[in-house]
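Work through the exercises below with the model open beside you. Try each task before you read its solution.

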Amino acid sequence: MDKLTLIQPDDWHLHVRNGAILKIVIAHTAQQFARAIIMPNLNPPVLTVDQALAYRSEIIKATPVDSGFTPLMTLYLTNSLTADEVKKAAESKFIHAIKLYPAGATTNSESGVSNLKGIYPILKIMEQVDLPLLIHGEVTNNDCDIFDREKVFVGSSLNDIVKHFPNLRIVLEHVTTKEAVDFVLSASNKVAATITPQHLMFNRNAILAGGIRPHHYCLPIIKREHHRQALVEAATSGNPKFFLGTDSAPHLTNAKENSCGCAGCYSAYGAIELYTAVFDQVDALDKLEGFASCYGPDFYQLPRNTKTITLQKQSWTVPSSYQVDNETITPLKANEILNWKLIN
Ligand code: NCD
Ligand code: ZN
């Protein structure tokens, strides 16, 4: 097969930032995706419905006209989120979820939740109003090895949340381990997961073997090969619990190529091409449309898109960087050859 037509996909986990970066990254996303769940971890974070609506306007203003792209907004869960704000979010047709960052887990998560039990009353309301909870699933204690942080969170905090709130819709974001995949598989159909292109393509050697490669550093950190294999198996299985979420998270090149580099991979420039290559490699192109275009909207209770996109098997070279004012963003797989190209 050298041409593939799919229902237009959506990205169920995306960072677009604000200001100058927003304009370039939103154009990349809007070329491929019809909709995206927009992460609220700005600095300062998006805490209220009004702030989310203002951010939404800023995104729409920066989006190329006629792209048809729709941002799906989220709120950032803190210890001070109120029940009224949750209800207001549930009533807004623009807010689709609330994002839980354990405090200190990742970029701009300082205002996240430090005591999970403390937010259980809020989770109860989210369960009642049927507003999905998106979880960055890592423990943050420094005595936990960074490669174990997801596994430990899943076995402890996530397990407890799922038990207490059996009707709460939960997306375990950017799963990176076999343990997380197994947990999602064994949970009810209220629990789903997104998977990024980098966690499908790489194991941890890609960060550390033969030199440190900061553009492969993201959180949760990329794990061992057997975890990557479990993720590929889940993504290509046709199980609707697993769907596309790039976690494309742009940082300026000099913030990544630094003695203390930022976490996040920039994949929005060619995300669907990256996923297509992974599915092709394991001979599962017939499973791509479900993963990229169907299971996400089904879980979020939104209609599937009606337009289509077409990809062609054709080599092209990823640019070395994208310009943002006087700075650059270095894309995932910079200067490397991809063998699928979006043609319309
Ligand atoms: C994200 C970012 O930079 O905002 N970074 C990342 O490594 N994925 C935050 C996140 O989703 O963890
Ligand atoms: Zn993210």
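**Exercise 1. The pocket of ligand 1**

Which atom of ligand 1 is 2.8 Å from an N or O atom in the side chain of Arg17?

Solution. First, know what you are looking at. This is a predicted model, where local features need pLDDT of at least 70, side-chain atom pairs count only at pLDDT 80 or more, and totals for chains, interfaces and linings use all residues. Residues are numbered from 1 along each chain as its sequence is written, chains are lettered from A and ligands numbered from 1 in the order in which they are written, and side-chain values use heavy atoms, with hydrogens and water left out.

Step 1. Go to the side chain of Arg17. An oxygen atom of ligand 1 lies 2.8 Å from an N or O atom there. That is a polar contact (a pair of N or O atoms within 3.5 Å; within protein, one must be able to donate a hydrogen and the other to accept it, and residues adjacent in sequence count only if both atoms are side-chain atoms).

Step 2. Turn to Leu219. Here a backbone N or O atom is 2.8 Å from an oxygen atom of ligand 1.

Step 3. Look at Asp247. A polar atom of its side chain is 2.7 Å from a nitrogen atom of ligand 1.

Step 4. Check the cover. Ligand 1 taken alone exposes 310 Å², and the protein buries 100% of that. Such areas come from the Shrake-Rupley method with a 1.4 Å probe; for residues, only the protein chains shown count as cover.

Step 5. Place the contacts in their setting. There are 15 residues around ligand 1, each with a heavy atom within 4 Å of it. Arg17, Asn41, Thr106, Leu219 and Asp247 come nearest.

**Exercise 2. The zinc site**

Find which residues coordinate the zinc ion (ligand 2).

Solution. Step 1. List the donors. They are His13 (NE2), His15 (NE2) and Asp247 (OD), at 2.0 Å. Donors are N, O and S atoms within 2.8 Å of the metal (3.2 Å for Na, K and Ca); water is not among the atoms, so sites may look incomplete.

Step 2. Read the spacing. Along the sequence, the donor residues follow the pattern H-x1-H-x231-D. His15 is in the loop between strand E2 (11–14) and helix H1 (20–32), and Asp247 in the loop between strand E9 (242–244) and helix H10 (253–256), so this pair ties together parts that are 232 residues apart in sequence. Helices (H or I, at least four residues) and strands (E, at least two) are DSSP runs, numbered from the N terminus.

Step 3. Judge the geometry. The four donor atoms make angles of 93 to 141 degrees, and the site is irregular. Four donors count as tetrahedral if all angles lie between 85 and 135 degrees; four count as square planar and six as octahedral if opposite donors are over 155 degrees apart and all others between 65 and 115; anything else is irregular.

Step 4. Check exposure. His15 is buried at 7% relative accessible area, and Asp247 is buried at 5%. Buried means under 20%, exposed over 50%, partly exposed in between (1.4 Å probe, protein chains only).

**Exercise 3. Charged pairs**

Find how many salt bridges the structure holds, then examine three of them.

Solution. Step 1. Take the total. The structure holds twelve salt bridges, each a side-chain nitrogen of Lys or Arg within 4 Å of a carboxyl oxygen of Asp or Glu.

Step 2. Pick Asp130 and Arg169. Their closest N and O atoms are 3.1 Å apart. The pair links distant parts of the chain, 39 residues apart. Asp130 is partly exposed at 29%, whereas Arg169 is buried at 7%.

Step 3. Pick Glu225 and Arg228. The closest N and O atoms are 2.9 Å apart. Both residues lie in helix H9 (residues 225–235), three residues apart, about one turn of the helix.

Step 4. Pick Glu336 and Lys333. Their salt bridge spans 3.7 Å, N to O. Glu336 is partly exposed at 35%; Lys333 is buried at 17%.

**Exercise 4. Backbone features**

Find where the peptide bond from Leu219 to Pro220 sits, and state its omega.

Solution. Step 1. The bond is cis, with omega near -5 degrees. Pro220 lies in the loop between helix H8 (205–208) and H9.

Step 2. Another cis bond joins Asn43 and Pro44, with omega about 0 degrees.

Step 3. Now inspect phi. Asp247 has a positive phi of about 55 degrees, although it is not a glycine. Asn335 has a positive phi near 65 degrees, and it is exposed at 52% relative accessibility.
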